[in-house]
Amino acid sequence: MPRFAANLSMMFTEWAFLDRFKAASDAGFEAVEFLFPYDYACEQVGLALVGGELQQALFNLPPGDFANGERGIAALAGREEEFKSGVETALRYAHETGVKRLHMMAGLADPDDEKAQATYRASLAYAADALAPHGIDLLLEPINGRDMPGYFLNDFDRAADYVREAGRANVRLQFDMYHCELIHGDVAGKLRALYPLVGHVQIASANGRHEPDSAGPDYPSLFALLDELGYDGFVGCEYRPKAGTLEGLGWFSEYRKPEGKSDPLDLA
């Protein structure tokens, strides 16, 4: 049976960010993920995890100026030193949270531009090698062009090629089923084909990026497929609740952790 991580950038937004951890734990989640922790001291984030007895499943490397439209800088020539500094910043937060997966956002660039490709490969190699001694995987995620027009990494097969070309055991594919449905369709077929490369999974409905209980893809079948394939990581719930986080958790009732408390926080 899959284990789920609440995405605190999209869910539990009825609470202040640092209060969302306990709210997610009280709702039955064992883990959380979010886009970025960098507006808060790393010690604050670590304490919020401990207070909720939660595991940190994932967060992103610093993305550049996200508020003004940047969506990562890994493929942007001329931003190499900023990228390297961002890796060091992420490692400080990784130490406090125990996270073992960090996502590298590529940025807005032409995926066929050779300079962008070379910059992306160099960023990938630098980040993977910096994270490896800490036992942290670097994740690459394709993002659909409807949600993020102009994003450099917008195809699952091309992302898989970058993972393979890297030749590093800690470079993995972030398989967001929502993005896969919008880019390719046939999520089950793509998951079967790419599963050996997968390091993390995320979900949302294809229509509106809401709860995974309507509008496809067929999540009960996909959850069964994850079990069949032997996936033992967390499934990130990166969706926007339709009408309140708690009101939309009916789909989650059979998966929530037992009443009474989860297992002790695992930062290994």
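Leaving aside its neighbours within four places in sequence, which residues is F36 in contact with? The legends below work up to this view, and the model they describe is a predicted one.

**Figure 1. The whole protein chain, with its helices and strands.** Let's start with the big picture: eight helices and eight strands make up the count for this chain. Along its principal axes, the C-alpha trace spans about 50 × 40 × 35 Å. A compact globule with 268 residues would have a radius of gyration near 18 Å, and the protein chain has 17 Å, so the two agree.

**Figure 2. Inside and outside of the protein chain.** Of the 268 residues, 54% are buried, meaning under 20% relative accessible area. The accessible surface adds up to about 11200 Å², and carbon and sulfur atoms hold 48% of that. As for charges, the chain carries 24 positive and 42 negative ones, yet their mean positions are just 1 Å apart.

**Figure 3. Contacts across the sequence.** Take the contacts between residues at least 6 apart in sequence: 76% of them join residues at least 24 apart.

**Figure 4. A close-up of F36 in its loop.** Look for F36 in the loop that runs between β2 (31-33) and α2 (42-52). Now back to the opening question: beyond its neighbours within four places in sequence, F36 is in contact with S9, N60, L61, P63, F66 and M105.

**Figure 5. F36 and A90, shown by their C-alpha atoms.** Along the chain, these two residues are 54 residues apart. In space, the C-alpha atoms of F36 and A90 are separated by 9.4 Å.

Definitions and conventions:
Residues are numbered from 1 along each chain as its sequence is written. This is a predicted model: local features need pLDDT of at least 70, side-chain atom pairs count only at pLDDT 80 or more; totals for chains, interfaces and linings use all residues. Side-chain values use heavy atoms; hydrogens and water are left out. Helices (H or I, at least four residues) and strands (E, at least two) are DSSP runs, numbered from the N terminus. The radius of gyration is taken over C-alpha atoms; the globule rule is 2.2 Å times the number of residues to the power 0.38. Buried means under 20% relative accessible area, exposed over 50%, partly exposed in between (1.4 Å probe, protein chains only). Contact means heavy atoms within 4.5 Å. Accessible areas come from the Shrake-Rupley method with a 1.4 Å probe; for residues, only the protein chains shown count as cover. Lys and Arg count as positive and Asp and Glu as negative; His and the chain ends are not counted. The place of a charge is taken as NZ of Lys, CZ of Arg, CG of Asp or CD of Glu.
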